[in-house]
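Biologist: I would like to go through this model with you and ask, for each label, what it rests on. Could you set each value against its definition as we go?

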Amino acid sequence: MENKNRKTNVVSDKDIKEQSEFCKKVKSVISSKYSEKPLACVVTYGCQQNVADSERIKGMLQKMGYGFTDERKNAQLIIFNTCAVREHAEDRVFGNVGMLKSYKHENPGVLIACCGCMMQQKHIADKIKKSFPFVDLVFGTHVVYKLPELIFTALTRKKRVFELPDMDGAIAEGVPVLRDNDKKAWLPIMYGCNNFCSYCIVPYVRGRERSREDDMIVKEAAELVESGYKEITLLGQNVNSYGKDLLPRVTFAQLLRRISEINGDFRIRFMTSHPKDCTKELLDTMADCDKVAKHLHLPFQSGNNRVLKAMNRGYTREKYSELIDYAKSVMGDELSITSDTIVGFPGETYEEFKDTLSLVEYVKFTSLFTFIYSPRKGTPAAEMKDPVTSAEKGKWFKELTDLQEKISADNMKKYEGKIFKSFVYGKGKLGDNYVAARTDGNLIIEFEGTEELIGSFRNIRVTQPLTYVLKGELLN
């Protein structure tokens with residue numbers, strides 16, 4: 001169905017209602033098949049978008065009549081929601097799925113399903129079909145909303161179901177959600193990616209960019225705040241591209257302002273940003289809106305312009321530095337900057353890698369997510385010559401992480417004695433009687449306190465800065 005107010009497709013209300021009817025059909029089937037409520041185990045790999053997808057999967061399963069368990073061998077339905085970004089994640093999936101072969105043999109009525117980004121790759125789906133014959137259901141990222149129909153088919157037809165359409169996907173509203181946390185929420189605002197960075201498989205498995213209507217996002221955000229959620233993280237493969245497919249155009253900065261105008265005591269975060277689409281309008285909005293966290297996660301990937309061009313990143317080192325300088329000028333010491341970087345991209349020399357080191361020195365990131373390049377079949381980079389050995393890349397990686405560790409430790413020192421309004425999100429690691437909180441700038445403070453504090457905002461004074469965490473005390 002084509003919506004008059006957008007350039008991309010949306011799933012019709014009729015199709016969503018049809019899936020609701022399939023929920024009832026599944027509920028009828030499993031109530032006759034099981035004497036007790038059957039349990040589902042949803043195993044999630046990868047990014048926050050996958051976590052959000054799993055929350056929708058669980059929402060539909062709950063509507064179908066399933067309960068939930070974290071123990072795979074207590075479940076009558078096991079779903080692996082997979083990630084294709086790195087080879088290690090794929091290997092883990094194959095290993096964990098393979099371990100269920102004997103369980104399936106002993107319990108033939110158990111349904112085993114695989115979904116997510118890995119399944120959108122033909123060679124992966126073919127491997128599942130050939131080497132894992134005990135997997136009953138395989139479906140891709142574009143048909144998650146059809147899960148009730150797919151489960152019904154798998155339960156009643158007694159044959160394997162593969163639903164992997166070659167399409168760019170559509171926006172599906174009205175899918176039930178069962179959230180993992182009652183104070184912190186993931187809120188997808190868009191899906192897909194148009195960037196085609198040469199190393200990245202995401203555009204091939206997630207499809208083209210498509211944005212949810214801003215009114216629908218604001219409505220969902222308001223409902224979350226009304227329900228007591230304190231941290232709302234807006235999700236997209238590239239949130240800075242939000243709204244390009246909407247008519248009239250809505251920018252990400254405009255969406256942020258609308259959400260920040262919702263009444264209530266809550267904080268807005270977002271990820272992930274792409275430097276080529278990061279605007280001064282967005283940075284000004286972050287500075288102006290008290291409810292928007294002063295944390296900018298802006299992946300730079302490399303500090304060398306030739307490597308950036310080979311990566312097809314669409315910006316230069318100079319452009320990135322200019323954005324960082326402007327962000328610091330409008331947000332000052334409040335701003336926390338984190339980033340992603342790839343070490344050992346095909347063809348990268350040590351001299352070029354040193355440009356990454358110098359950029360890290362210049363920006364002084366709060367923290368870095370650092371990866372050694374992992375080839376992804378089907379991407380241009382996987383075909384590039386890569387003469388540098390893994391051992392040499394490992395040395396570069398250590399050089400970078402050692403540098404960032406020193407910078408992080410130095411950054412932390414400036415927070416000693418400062419007071420932060422922080423969201424208490426869970427148990428701490430510094431001791432049994434510690435809880436952990438996150439500042440506006442995404443810094444972690446641990447302090448002595450009871451679990452009753454979890455889910456609230458508290459003022460905390462930093463008493464001791466450590467390398468990657470701050471130690472603090474609760475202020476009454």
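Biologist: Which residue is the bridge partner of Ile78 in β4?

Modeller: The bridge partner of Ile78 in β4 is Ile112. Before we go on, note that this is a predicted model, in which local features need pLDDT of at least 70 and side-chain atom pairs count only at pLDDT 80 or more, while totals for chains, interfaces and linings use all residues. Residues are numbered from 1 along each chain as its sequence is written, and side-chain values use heavy atoms, with hydrogens and water left out.

Biologist: What makes β3 and β4 a pair, and in which sense do they run?

Modeller: Strands are DSSP runs of E with at least two residues, helices are runs of H or I with at least four, and both are numbered from the N terminus. Two strands pair if DSSP finds at least two bridges between them. Strand β3 (residues 77-82) and β4 have six bridges and pair in the parallel sense, and β4 is joined to strand β5 (residues 137-139), also parallel, by two bridges. In that second pairing, Cys114 stands opposite Val138 in β5.

Biologist: Why is β4 called largely enclosed?

Modeller: A residue is buried under 20% relative accessible area, exposed over 50% and partly exposed in between, using a 1.4 Å probe and protein chains only. Six of the six residues of β4 (residues 111-116) are buried, so the strand is largely enclosed by the rest of the structure. Leu111, Ala113 and Cys115 point one way, Ile112, Cys114 and Gly116 point the other way, and all are buried.

Biologist: How many residues of β17 are buried, and what are its pairings with β16 and β19?

Modeller: Four of the five residues of β17 (residues 444-448) are buried, so that strand too is described as largely enclosed by the rest of the structure. With strand β16 (residues 434-438) it pairs in the antiparallel sense over five bridges, and Tyr434 stands opposite Glu448. β16 and β17 form a hairpin with five residues between them, and Asn442 in the turn has a positive phi of about 75 degrees. With strand β19 (residues 470-474), β17 pairs in the parallel sense over three bridges, and there Phe447 stands opposite Gly472.

Biologist: Which strands are at the edges of the sheet that contains β10, and what makes them edge strands?

Modeller: That open sheet of three strands has the order β7-β10-β11, with parallel pairing. β7 and β11 (267-271) are the edge strands, each pairing on one side only. Between β7 and strand β10 (residues 231-235) there are five bridges, with Trp186 opposite Thr233. Helix α8 (residues 214-226) lies across β7 and β10, running at about 170 degrees to β7, and helix α9 (residues 252-260) lies across β10 and β11, at about 155 degrees to β11.

Biologist: What is the crossing angle of α1 and α2, and what is that arrangement called?

Modeller: Axes are lines fitted to C-alpha atoms, for helices over the stretch in contact, and angles run from 0 to 180 degrees between N-to-C directions. The axes of α1 (residues 13-33) and α2 (residues 48-64) come within 7 Å and cross at roughly 55 degrees. That makes α1 oblique to α2, since angles under 35 degrees count as roughly parallel, over 145 as roughly antiparallel, 65 to 115 as roughly perpendicular and the rest as oblique. Taking contact as heavy atoms within 4.5 Å, Ser20, Cys23, Val26, Lys27 and Ile30 in α1 meet Met60, Lys63 and Met64 in α2.

Biologist: How do you know whether Cys83 is bonded or unbonded to Cys117?

Modeller: A disulfide is a pair of cysteine sulfur atoms within 2.5 Å. The sulfur of Cys83 is 6.3 Å from that of Cys117, its closest cysteine sulfur, which is too far for a bond. Cys197 is in no disulfide either, with the nearest cysteine sulfur, that of Cys200, 6.0 Å away. By this rule the count comes to zero disulfides.

Biologist: Why are Cys83, Cys197 and Gly169 given the label they have, buried or exposed?

Modeller: Cys83 has 10% relative accessibility and counts as buried, Cys197 is buried at 6%, and Gly169 is buried at 11%. Gly169 lies in the loop between β6 (161-163) and β7 (184-188), and it touches His142 and Arg210, not counting residues up to four places away in sequence.
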